[in-house]
Amino acid sequence: MAKLKIALYWAASCGGCEIATLAIHEKILKLAEVADIVFWPVGLDFKYADVERMEDNSVDACLFNGAIRNEENEYMAKLLRAKSKIMIAYGSCAYEGCIPGLSNFYNRQLTFDRVYIETPSTENPKKIFPQTKVKVPEGELDIPEFYDTVKTLAQTVDVDYFVPGCPPEERTTWLALEALISGKLPPKGTVISHSVKALCEECPRTREEKKVKKFYRPYEIIPDPEKCLLEQGLLCYGIATRGGCGALCPQANMPCTGCYGPVEGVIDQGAHFLGALSSIIDSNDPEEIQRIIDDIPDPAGTFYRYSLPDSLLRRARIK
Amino acid sequence: MKRITIDPITRLEGHGKITIFLNDDGSVANVYFQVPELRGFEKFSEGRPAEDMPQITQRICGVCPEAHHMAATKALDELFHVEPTSTAKKLRELLYSAFFVTDHTTHFYILAAPDFVMGPDAPPAERNILGVIAKVGLELGGAVINTRKQNHWIIQTVGGRPIHPCFGLPGGVSRVWQGIA
């Protein structure tokens, strides 16, 4: 059997997905036996021009991580889509926008003002901002256009599968690679994880009754190590998050922050969490309810920590 | 003027592009290095809860998230005017030491070594980690993989997760040391 051809790319991302790909450890050797990697900027020296020269549909699968933040990200998404039979949104950024997607609370100009003018370590008296084209004595240079809004991969090109996580855990990555290697592919559109249910299903903490009188921030209490964190008033996102990671954060006494995305069938993870929260607040008095909710700092940024671009909101309206 | 464009720069974390302009005699007139990426952490970190900064800022770089996680955690110590306990400091240092080991294997074997082990003229299909493993042999290659695995295990055991740990809090860490099962 001919070896599979796999491409890996990073758009607006952190590189954690590349380390996650390597974190299959000894299985790398197994992968190398059955697949050739034809493009992978962090590990291989092939250039964009090499990808442009490839025949369309000549790559068996592309694992694309990173959000679509600028013109280059969009160009590479479209290029790799054309070259690949299977397009996989690998990791939370490509799948739902992730942390870089928090940028959708602002816009390009607000971001540029902060980055290139206001930060204490910046000295820019002429107020120079990035230009897509600039003339230098030797010729012209260009950089990709920075967009107003962060998009997901599926908002940019047709996507066949999604691999959740920031980054995907070893077992999740291998589940996706095994499907590719064996050719036993799930239906198009599948979010590849060991679970379709909420993280709570695999969390070892004991659950009793969810009745919360007060929300706490993680530094305010030392939580009981055995009991459900949400029941103790910590904003644990497991109730609205797809399982599959093994509930690692709750086992480290930290609330789940939601990086595996919504559970199967849910469109908007933040709205799902909001709905779940409203049912556990232990009060019928509007004033008391308001006081309880006021203890939650930055609800939008917390509920949509990883999913703002993929949510029904997509972005904030800037006046 | 003739130009050579290297796009993207490879085997490093991040996005970069190099444009080399050549004179008519082939000598280099000038070289421009450009970083075409920006995500805007400087802006979108505003308004987020301070205690979330260790987990947000580590997404600046997932190759060295522990460095960002630790920097933000130490900033929280300062912000809250708290001195971590001796145990907390040691646990932070243990995690960071394990990171130090994995990060050096990342840097050496994956990013830099292909130039030395395979040579700068080796074809791109071989000048990479898999080419390095093929050349140095499975025994050494396996030892590198095993070192990474062990140290990721330490990072997860102490910090909660093998990549993007979650244990940093002002004045300490989130979990009690219960020994190794």
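A salt bridge is a side-chain nitrogen of Lys or Arg within 4 Å of a carboxyl oxygen of Asp or Glu. Keep that in mind as you go through these views of a predicted model.

**Figure 1. Domain 1 and domain 2 of chain A share no salt bridges.** Here the count between domain 1 of chain A and domain 2 of chain A is 0 salt bridges. What the rule does find across this interface is 3 residue pairs in polar contact, with both residues at pLDDT 80 or more. On the side of domain 1 of chain A that touches domain 2 of chain A, β4 (68-70) and α4 (71-83) of chain A are the elements that give two or more residues. Of these, α4(A) gives the most, with 3 residues. Sorted by type, the residues of that side are 1 polar and 4 charged, with no nonpolar ones.

**Figure 2. Chain A is divided into three domains, and here we look at how two of them meet.** Domain 1 covers 4-99 + 150-182, domain 2 covers 106-147 and domain 3 covers 199-303. The centres of domain 1 and domain 2 of chain A, taken over C-alpha atoms, are 29 Å apart. At their meeting place, 5 residues of domain 1 of chain A are in contact with 4 residues of domain 2 of chain A. Together the two domains bury about 560 Å², with 52% of it on carbon and sulfur atoms. Which three residues should you look for? On the domain 1 side, A:R69, A:N70 and A:E71 supply 78% of the area buried against domain 2 of chain A, more than any other three residues.

**Figure 3. Chain A and chain B bury about 6300 Å² between them.** Carbon and sulfur atoms give 62% of this area. Count the residues in contact and you will find 72 in chain A and 70 in chain B. A:C14, A:D45 and A:E138 are the residues of chain A that lose the most area to chain B, together 11% of what that side buries.

**Figure 4. Salt bridges and polar contacts link chain A with chain B.** Across this interface the rule finds 9 salt bridges. One of them joins A:R114 to B:E46, and the closest N and O atoms of this pair are 3.0 Å apart. There are also 30 residue pairs in polar contact between the chains, both residues being at pLDDT 80 or more. Several elements of chain A each supply at least two residues to the side touching chain B, including β1 (4-10), α1 (16-22) and β7 (139-142). The most come from α6(A), with 6 residues. By type, this side of chain A has 44 nonpolar, 15 polar and 13 charged residues.

Methods: Residues are numbered from 1 along each chain as its sequence is written. Chains are lettered from A and ligands numbered from 1 in the order in which they are written. Side-chain values use heavy atoms; hydrogens and water are left out. Domain bounds come from an automatic or database domain assignment. Contact means heavy atoms within 4.5 Å. Buried area is the accessible area (1.4 Å probe) that two parts lose on being put together, summed over both. A polar contact is a pair of N or O atoms within 3.5 Å; within protein, one must be able to donate a hydrogen and the other to accept it, and residues adjacent in sequence count only if both atoms are side-chain atoms. Helices (H or I, at least four residues) and strands (E, at least two) are DSSP runs, numbered from the N terminus. Ala, Val, Leu, Ile, Met, Phe, Trp, Tyr, Cys and Pro count as nonpolar, Asp, Glu, Lys and Arg as charged, and the others, Gly among them, as polar.
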